[in-house]
Amino acid sequence: MPPPTEALRVAGVLLAAGASRRMGQNKMLLQLEGESLVRRAARRARAAGLAPVVVVIGHEADRVRAELKGLPLAFALNSDFTGPTSGSLHQGLNHLGPDVDAVVVMLGDMVRVSSETLALLVAAARDTEAPLVVSRYGEVTAPPLLFRRALFPELLAWTGEGCGKAVVQAHRHEAMYVDRPIALLADVDTPEDFAAATAHLRG
């Protein structure tokens, strides 16, 4: 693997295709601080310097695309959005050009992940030859995750839920870990989760 350089080009893949069955409505379109969850996540990805940022859409694809109007983004469509998460990840990876050196995979419903958190992964990748950089919240590892191109074939061969969880496990001893406050781990899957996220911001 070539040594890391400042010229490392890191893309983003934002997974936003799911049917939001537990929420009862498309959670990507819920408004938090006057901004939809999907737009909030995409804007933070761009602010962190990720380029290109590919948003994987599926459920209510036209509505989600319209919600992101005006942002410099690319889109990938997962027509099998009720299937495993790996299908969305594969669609996002397949939209990345050969000039991309690494990708940050992120979820639109992890509402406390900031552009700073994303930028920390990129900065870490520039300081290491590790094949992946993993966010760690206490004892839990979770997105956002940075994978170098060398791992793309493994990600594309993997099927299942999560953001390449099996690939992360296979390379856990080679990974670099970026520790973040455990409070940032919160995601929004249910109406109760969304109420808690709203209360946290108001508090």
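**Helix H4, the sheet and the cores**

The buried residues of H4 pack against E1, H1, E6, E7, E8 and strand E9 (176–180). These positions, in what is a predicted model, are Thr-117, Leu-118, Leu-121, Val-122, Ala-124 and Ala-125. They lie on the same side of H4 because the arc they cover around the axis is only 165°. An α-helix has 3.6 residues a turn, so residues three or four places apart point the same way.

The sheet beneath this discussion is open and has seven strands, in the order E5-E4-E1-E6-E8-E7-E9, with mixed pairing. Its edge strands, strand E5 (74–77) and E9, each pair on one side only. On average, neighbouring strands are turned by 25° against each other, direction ignored. Helix H3 (residues 85–94) packs on the sheet through E1, E4, E5 and E6, and its direction makes about 145° with that of E1. H4, for its part, lies across E1, E6, E7, E8 and E9, and runs at about 50° to E8. E7 and E8 are joined by six bridges in the antiparallel sense; Ser-135 has Ala-142 of E8 as its bridge partner.

The largest nonpolar core comprises 36 residues, of which Val-10, Val-38, Leu-50, Val-55, Leu-68, Val-104 and Leu-146 touch the most other members. Elements supplying at least two residues each include strand E1 (10–15), helix H1 (37–47) and strand E6 (102–107). H4 gives the most, namely five residues. Apart from this core lies another, of 25 residues, among them Val-13, Val-54, Val-105 and Trp-158.

Val-104 may be followed in detail: beyond its neighbours within four places in sequence, its contacts include Val-10, Leu-50, Leu-118, Leu-121, Val-122 and Leu-146.

Note on methods. Residues numbered from 1 in each chain as written. Predicted model: local features only at pLDDT ≥ 70, side-chain atom pairs only at ≥ 80, totals over all residues. Heavy atoms only, no water. Core = buried A, V, L, I, M, F, W, Y, C linked by side-chain atoms within 4.5 Å. Buried < 20%, exposed > 50% of the residue type's maximum accessible area, 1.4 Å probe, protein only. Helix = DSSP H or I, 4+ residues; strand = E, 2+ residues; numbered from the N terminus. Contact = heavy atoms within 4.5 Å. Arc of directions from axis to C-beta. Pairing = 2+ DSSP bridges. Axes fitted to C-alpha atoms, helices over the stretch in contact; angles between N-to-C directions.
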